[in-house]
Amino acid sequence: MQRKSVSSHMKTILLTVLILLLSVLLLGIKVLFVKGSQFPSGHVGSNAALRRRGISCASHSDDGQPKS
């Protein structure tokens with residue numbers, strides 16, 4: 001019974017690793033295969049839609065003073 005449990009865990013781990021590898025490959029396919037492309041910035045300050053709404057990065061706009 002112990003052998004079956006180990007085999008089952010190994011199958012689960014291998015399946016998980018394959019899913020993760022496939023996910024990374026699919027997310028990066030444009031970056032990997034299109035010359036000059038890059039991952040989009042996830043930073044709040046570089047998002048035009050958030051800037052139009054007046055939303056900025058808290059770490060850059062917080063000077064420690066209370067807002068009035």
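**View 1. Leu 32 sits in helix 2.** This is a predicted model: local features need pLDDT of at least 70, side-chain atom pairs count only at pLDDT 80 or more, and totals for chains, interfaces and linings use all residues. Residues are numbered from 1 along each chain as its sequence is written, and side-chain values use heavy atoms, with hydrogens and water left out. Is Leu 32 buried or exposed? Leu 32 is exposed, with a relative accessible area of 58%. Here, buried means under 20% relative accessible area, exposed over 50%, and partly exposed in between (1.4 Å probe, protein chains only).

**View 2. Leu 32 shares a nonpolar surface patch with Leu 22, Leu 25, Leu 26, Ile 29, Phe 33 and Val 34.** Together these residues offer about 710 Å² of accessible area. Helix 1 (2-27) and helix 2 (29-33) are the elements that give two or more residues to the patch. Patch members have over 30% relative accessible area and no salt bridge (a side-chain nitrogen of Lys or Arg within 4 Å of a carboxyl oxygen of Asp or Glu). Nonpolar side chains (Val, Leu, Ile, Met, Phe, Trp, Tyr) are joined within 5 Å, and like charges within 9 Å. Areas come from the Shrake-Rupley method with a 1.4 Å probe; for residues, only the protein chains shown count as cover.

**View 3. Arg 51 lies in helix 3 (residues 48-52).** Arg 51 is partly exposed, at 48% relative accessible area. Setting aside neighbours within four places in sequence, Arg 51 is in contact (heavy atoms within 4.5 Å) with Gly 45 and Ser 46.

**View 4. Stepping back, the protein chain has four helices and zero strands.** Helices (H or I, at least four residues) and strands (E, at least two) are DSSP runs, numbered from the N terminus. Of the 68 residues in the chain, 3% are buried. The chain's accessible surface is about 6,600 Å², with 65% belonging to carbon and sulfur atoms.

**View 5. Confidence is highest in helix 1 and lowest in helix 4 (residues 58-61).** The mean pLDDT (the predictor's confidence in each residue, from 0 to 100) is 87 in helix 1 and 65 in helix 4. For the protein chain the mean is 78, and 79% of its residues reach 70 or more.
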